[in-house]
Amino acid sequence: VRMRLDGTRAWSAHMAALQACMADCVDHSVYPFPLLVRELKIPRMPGVAPVFQVAFTYQNNVDAAGFGEMMRAHGQTLQLEPLVGLNQEGEYELTLEVFENEAGVLLSLKYDPDLFDEATIERMMGHYVSLAEAVVERPSATLDEYVLLTEGEQDQLLRTWNVTASDFPDSACVHELFAEQV
């Protein structure tokens, strides 16, 4: 899904537009992806996914407790077995998976370690959590009003790295101080 972001639009309005876009996408979801790639004549490169390299998935599937309940009700006709902890790695350069269950939300960020280091991924997750918390607190705020930086990063950027005070002689002009250094 590709959408233009308008910083003056409220988050709630953006999400409504995204839902409408997703509903439109569902109409075309039966089109086979390999056929789409072939018809678009996208050059294939080993190790690089065609069309996009970043993915976001939201899963609110049946959990283990609900699965057991479903098997008791439909066990005669339904033969499924959950594979807990099975993850397919390496599909995309970056994939954020959000799993929702009764206990809350679990985030899983898969990444290509040749492209990202662990510190960068931790920073990205901090940004995601900060943004999610801000959206929950203020869903009617415009997109421009949300801050991606964590409080620690804001403090580092605005205070720690901005400590540039220096003692200068009161009796000299700037051009004289410059001449002394040259």
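**A helix across a three-stranded sheet**

Helix α4 (residues 118–137) lies across β1, β2 and β3 and runs at about 145° to β3, where helices (H or I, at least four residues) and strands (E, at least two) are DSSP runs numbered from the N terminus, and where angles run from 0 to 180 degrees between N-to-C directions of axes fitted to C-alpha atoms, for helices over the stretch in contact, contact meaning heavy atoms within 4.5 Å. The model is predicted, with local features needing pLDDT of at least 70 and side-chain atom pairs counting only at pLDDT 80 or more, while totals for chains, interfaces and linings use all residues. Residues are numbered from 1 along each chain as its sequence is written, and side-chain values use heavy atoms, leaving out hydrogens and water.

The sheet beneath this description is open, with three strands in the order β1-β2-β3 and mixed pairing, two strands being paired if DSSP finds at least two bridges between them. Because β1 (54–59) and β3 (104–111) stand at the edges, each with a single partner strand, one side of each is left without a neighbour in the sheet. From one strand to the next, the twist averages 10°. Strand β2 (residues 94–101) pairs with β1 in the parallel sense over six bridges, and F56 stands opposite L96 in β2.

In the loop between α2 (33–40) and β1 one finds F52, which is partly exposed at a relative accessible area of 31%, a class lying between buried (under 20%) and exposed (over 50%), with a 1.4 Å probe and protein chains only.

Over the protein chain, six helices and three strands are present, and buried residues make up 15% of the 182 residues.
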